[in-house]
Amino acid sequence: MRVRMRKGIVAIVPLFFAIIMLFGFIAFMGGAGDSLHTVNNVENLQHLQTKLFQPAIKYRYSLEKEARKNGTIITEEEIDEKVNIYINKMMTLNKIQK
Amino acid sequence: MNNILLTLLLSSVVYAATTTTTTTFGNENSMGMNKYGNAIYNRTVTIKTDNYKVDNFWKKFSYSGEGQDQIEFESIAKTGTMQISVESTSICSIFSELDSQGCSGQKPFLINNEALIGKNSGDTITLLFQKNFEIDKVTYNDTNSSVFYPLNIDRNEKYYKEVPGNTKTFYSFFGRMFNAFLGDGNFFSQFFSYKVSDNSGKSVEDIREKYIANIVSGIDQEHLVVRGATLETDISQLNTLPVSLIDYSETQTTGTNGSCNLFFFKFSETSSFCNFMGGMPFISLFSSTTTTVEPEVYEIDTIQTDTENSLVTFASSFSGVTMEEYQNNRVYREPVIEASKRISIFDTLKCFIFRCSDPNIDEDTIDEPKDTYYTFNDPVNLTFAVTDLGAHVDSFQTFKLKSIHSLTGEARMCKVEENNEYDTWGTATFKPSGTTSKTFTNLGSVTKEKWCNPLMGSDYKYEWGYCRKSYYKTNISEQQSLKTPLEWLDWCDYAIDNNPVTYKEVCDESCILWFCKDVNCRQEANPIVVDGYTIKEYVKSSKRGMALELELVNLKTNSDAVTLRYKLMGTD
């Protein structure tokens with residue numbers, strides 16, 4: 001019985017190590033230069049921007065098509081404005097802006 | 001204290017730069033055509049995000065508490081080049097129930113590059129549906145600039161085969177479209193019930209369904225024809241895959257009095273067989289040759305019928321035109337006789353459908369071809385394959401289908417013998433080009449009058465009940481009229497239509513000693529005798545041609561009824 005107890009206590013040691021390392025990691029992340037996560041975030045943003053090329057151009061053409069269908073005229077400024085609103089919404093949905 | 005905090009908070013909200021994203025587009029640059037014949041355009045897109053903020057979540061856990069809560073970037077932008085391909089998927093861009101994978105702008109038609117020489121976007125060309133009537137099959141001529149050829153192109157079965165219980169299949173869609181346009185709920189199902197076969201006698205129902213699907217919805221995305229694709233134009237290899245000329249033979253129907261059951265339109269006029277010369281669509285190459293010996297034979301070129309039916313139905317549905325509107329607004333045009341004013345298409349048409357080079361064809365029997373056409377206000381776009389030598393599909397050209405021309409030509413001849421005692425012309429052969437009129441005696445109104453001859457002096461009419469000697473004099477002057485050859489031809493049509501051919505059995509006799517028996521018995525038609533005239537020979541042959549008036553177009557991103565597809569070409 002005692003033997004078993006002693007072994008059990010010993011088993012906690014690696015667990016302590018693991019917890020200490022985790023704290024170490026968190027401390028590292030907190031203190032590490034902002035570059036690390038900034039790079040990731042900027043890359044993510046650029047990735048999202050790339051992903052939005054197609055929806056943007058598709059939306060642009062659908063606006064023109066809609067106008068033709070209704071027999072109305074849509075100016076470049078109106079298109080730009082609507083596309084911007086649309087893409088801004090996408091950015092909001094992706095938590096890039098509020 | 002609270003107020004100060006609130007003011008600070010509000011001012012930080014008001015004055016803090018918000019994150020905004022702006023999108024700008026470059027100009028659209030035409031990049032020609034892709035390998036499927038779709039127009040392609042390149043356009044740059046720039047997405048710029050200003051005042052982008054990155055929250056630093058981990059900062060809270062740093063040893064020293066150093067590090068920023070948030071990093072703000074003034075501007076982060078990305079520019080990419082998008083390629084936009086423009087495909088004229090007209091019907092699928094209207095009927096959303098169709099699977100876009102089963103549609104494309106490519107149609108199963110081929111033209112020679114000669115047809116496009118010197119033509120630019122906006123120009124119009126007229127092309128005849130090609131059929132070599134001499135041997136009744138499609139033959140390919142790599143320099144003919146005025147024709148288009150039908151193609152057999154493989155197709156994914158699920159986009160044209162009937163799938164039981166599925167109302168959204170292409171097959172049932174086509175059925176609904178045809179039946180709705182033609183106002184006959186059974187037209188489409190009847191369409192395939194006729195026995196149509198290829199040259200080796202094999203059933204071509206599948207090939208026909210596929211061909212119609214390729215015309216109406218375009219070739220499916222899995223089987224798009226690619227520039228450079230091998231093209232089979234060898235007539236011994238027709239209907240072979242993946243891309244070849246298509247051919248199936250005509251249906252032949254024999255009947256005694258001319259059956260119009262094969263046709264959607266059944267004409268009420270009585271003078272000639274089904275009055276197909278009204279120039280109605282949906283009745284294709286149609287030939288009826290009747291002599292007093294052979295039973296009537298009708299031949300229908302089903303490829304041309306299918307092509308015309310499909311194009312008329314599809315283009316009309318696209319434009320929202322009903323069958324009544326289509327018929328009511330069609331323009332009937334007799335050709336101008338003077339050669340100088342003759343519309344060029346007729347020059348080729350006459351020989352084209354009646355093979356002028358054939359020594360067996362008597363040109364005098366041929367009526368001038370007529371043209372009946374409808375022009376669409378809201379035309380569909382069709383992409384045709386273009387070839388140089390017939391070995392490969394070398395490029396593509398997209399057209400607006402401006403009008404569909406139903407061309408009809410007719411050969412007529414009737415040889416009549418007069419067997420009455422009043423006419424004196426014996427036997428005469430009537431042809432449309434003939435100019436000599438012949439007398440026609442209306443026997444039903446011939447009256448005979450009793451006249452007296454009092455031996456001396458002139459005859460006088462029997463009026464007082466007594467003649468020493470009398471005789472009957474036929475008063476025919478009012479019952480006889482002169483009929484022109486065309487009137488005689490109409491009379492023949494009427495006589496043939498209203499007097500079914502009767503047959504008699506004719507046998508040869510084979511005798512051994514004095515025992516004889518009949519051998520080689522056969523049915524021979526009795527000559528048709530009407531009112532004292534015998535029809536010795538009768539030819540009425542109507543041929544149909546079809547021509548399309550096509551305007552060359554460069555598809556643009558703002559064209560009607562197109563599908564735009566997008567592809568990211570690269571980023572900066």
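By helix I mean a DSSP run of H or I that is at least four residues long, with the numbering taken from the N terminus. I keep in mind throughout that this is a predicted model.

**Entry on the two chains**

I began with chain A, where I found 3 helices and 0 strands, and I noted that its elements run α-α-α from the N terminus on. Of the 98 residues of chain A, 13% count as buried. I then turned to chain B, which has 8 helices and 26 strands, and in which 34% of the 572 residues count as buried. I also looked up how contacts in chain B are spread along the sequence: among those between residues at least 6 apart, 70% join residues at least 24 apart.

**Entry on helix 5 of chain B**

I chose helix 5 of chain B, residues 302–319, for a longer look. How many of its 18 residues are buried? I found 17 of them to be buried, so I describe helix 5 of chain B as mostly covered, taking buried to mean that 20 or more other C-beta atoms lie within 10 Å of a residue's own. I checked its length as well: 18 residues at 1.5 Å a residue should span 26 Å, and the end C-alpha atoms lie 25 Å apart, which agrees. Just after helix 5 of chain B comes B:Gly320, and I noted that its phi is positive, near 70°.

**Entry on helix 2 against helix 5**

I next looked at helix 2 of chain B, residues 170–182, which packs against helix 5 of chain B at an angle of about 80°, the axes being 10 Å apart. Because angles of 65 to 115 degrees count as roughly perpendicular, I record helix 2 and helix 5 of chain B as roughly perpendicular to each other. On the helix 2 side I listed B:Met177, B:Phe178 and B:Phe181, which meet B:Thr313, B:Ser316 and B:Ser317 of helix 5. By class, this contact has 3 nonpolar, 3 polar and no charged residues.

**Entry on helix 4 against helix 5**

Last, I looked up helix 4 of chain B, residues 205–216, whose axis comes within 9 Å of that of helix 5 of chain B and crosses it at roughly 35°. Which way does helix 4 of chain B pass helix 5 of chain B, in a left-handed or a right-handed crossing? I recorded the crossing as right-handed. Helix 4 of chain B contributes B:Arg208, B:Tyr211, B:Ile212, B:Ile215 and B:Val216, while helix 5 of chain B contributes B:Asp306, B:Thr307, B:Ser310, B:Leu311 and B:Phe314. I sorted the residues of this contact by class into 6 nonpolar, 2 polar and 2 charged.

How values were computed:
Residues numbered from 1 in each chain as written. Chains lettered and ligands numbered in written order. Predicted model: local features only at pLDDT ≥ 70, side-chain atom pairs only at ≥ 80, totals over all residues. Axes fitted to C-alpha atoms, helices over the stretch in contact; angles between N-to-C directions. Helix = DSSP H or I, 4+ residues; strand = E, 2+ residues; numbered from the N terminus. Parallel < 35°, antiparallel > 145°, perpendicular 65-115°, else oblique. Contact = placed C-beta atoms within 7 Å. Nonpolar A, V, L, I, M, F, W, Y, C, P; charged D, E, K, R; others polar. Left-handed = near helix turned anticlockwise from the far one by under 90°. Expected span 1.5 Å × (residues − 1). Buried ≥ 20, exposed ≤ 12 C-beta atoms within 10 Å, placed from the backbone.
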